[in-house]
Amino acid sequence: DPKLAAAVTAAVRKGAPRKHVMVKLSPNVTDIALMARSVEDAGADSVSCINTLLGMAVDLRTRRPSLANVVGLSGPAIKPVALRCVWQAAQAVKIPVVGMGGIVSAEDALEFILVGAAAVQVGTANFMRPDSAFALAAELPAACERLGARSPAELRGALRMD
């Protein structure tokens with residue numbers, strides 16, 4: 001609920017007036033752009049998109065859930081939804097948007113930057129390879145060069161819709 005998200009954000013802002021307040025937005029909402037604007041208006045310094053999607057997988061043989069958190073889906077499978085959410089949020093607000101959701105390579109990170117992310121976070125990939133964020137950062141210059149860009153900043157928000 002945008003009003004409740006704004007109320008929580010305003011309370012955090014009031015309680016920590018000199019701290020950076022980043023609000024993590026859920027993809028499980030009707031309008032993520034509206035959510036992003038509501039927390040921006042309430043004092044958020046940045047937003048991050050996204051957290052776990054609602055989802056479920058089952059093992060037919062054991063008749064048990066296949067996912068450890070039962071109804072949550074994260075990792076590479078959620079990247080298309082995460083990219084859409086980051087793109088919509090970045091268009092809706094003036095504050096930085098941090099993208100996350102399925103980033104396992106430099107190219108993945110650059111896709112988030114292309115749709116408007118000011119920065120990215122690596123989550124699930126760290127469980128597969130604890131140094132994955134460091135490896136990804138090391139790969140960024142070469143990935144940018146392959147795309148004809150000198151830095152990720154040249155790609156930020158440069159998604160073409162034509």
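This report describes the nonpolar core, a nonpolar surface patch and two contrasting residues of a predicted model.

The largest nonpolar core of the model holds 40 residues, and those with the most contacts inside this core are Leu25, Cys49 and Ile50. Two or more residues come to the core from each of several elements, namely the strands S1 (22–25) and S2 (46–49) together with the helices H2 (32–41), H3 (79–92), H4 (106–114) and H6 (132–146). Helix H3 gives the most to this core, with 6 residues. Leaving aside residues up to four places away in sequence, isoleucine 50 touches Lys24, Leu25, Pro27, Ile32, Ile78, Val81, Ala82, Cys85 and Met100.

On the surface, Leu54, Met56, Val58 and Val71 make a nonpolar patch of about 430 Å². Valine 58, which belongs to this patch, has its place in strand S4 (residues 58–59).

Glutamate 40 lies in helix H2, and when residues up to four places away in sequence are not counted, glutamate 40 touches Ala92, Val93, Lys94 and Ile95. Although glutamate 40 and threonine 9 are 31 residues apart along the chain, their C-alpha atoms are separated by 8.6 Å.

Is each of these two residues, valine 58 and glutamate 40, buried or exposed? The table sets out their values.

| Residue | Relative accessible area | Class |
|---|---|---|
| Valine 58 | 57% | exposed |
| Glutamate 40 | 18% | buried |

Valine 58 counts as exposed because its relative accessible area of 57% is over 50%, whereas glutamate 40 counts as buried because its value of 18% is under 20%.

Note on methods
Residues are numbered from 1 along each chain as its sequence is written. This is a predicted model: local features need pLDDT of at least 70, side-chain atom pairs count only at pLDDT 80 or more; totals for chains, interfaces and linings use all residues. Side-chain values use heavy atoms; hydrogens and water are left out. A nonpolar core is a set of buried Ala, Val, Leu, Ile, Met, Phe, Trp, Tyr and Cys residues joined through side-chain atoms within 4.5 Å. Buried means under 20% relative accessible area, exposed over 50%, partly exposed in between (1.4 Å probe, protein chains only). Helices (H or I, at least four residues) and strands (E, at least two) are DSSP runs, numbered from the N terminus. Contact means heavy atoms within 4.5 Å. Patches are made of residues with over 30% relative accessible area and no salt bridge: like charges are joined within 9 Å, nonpolar side chains (Val, Leu, Ile, Met, Phe, Trp, Tyr) within 5 Å. Accessible areas come from the Shrake-Rupley method with a 1.4 Å probe; for residues, only the protein chains shown count as cover. A salt bridge is a side-chain nitrogen of Lys or Arg within 4 Å of a carboxyl oxygen of Asp or Glu.
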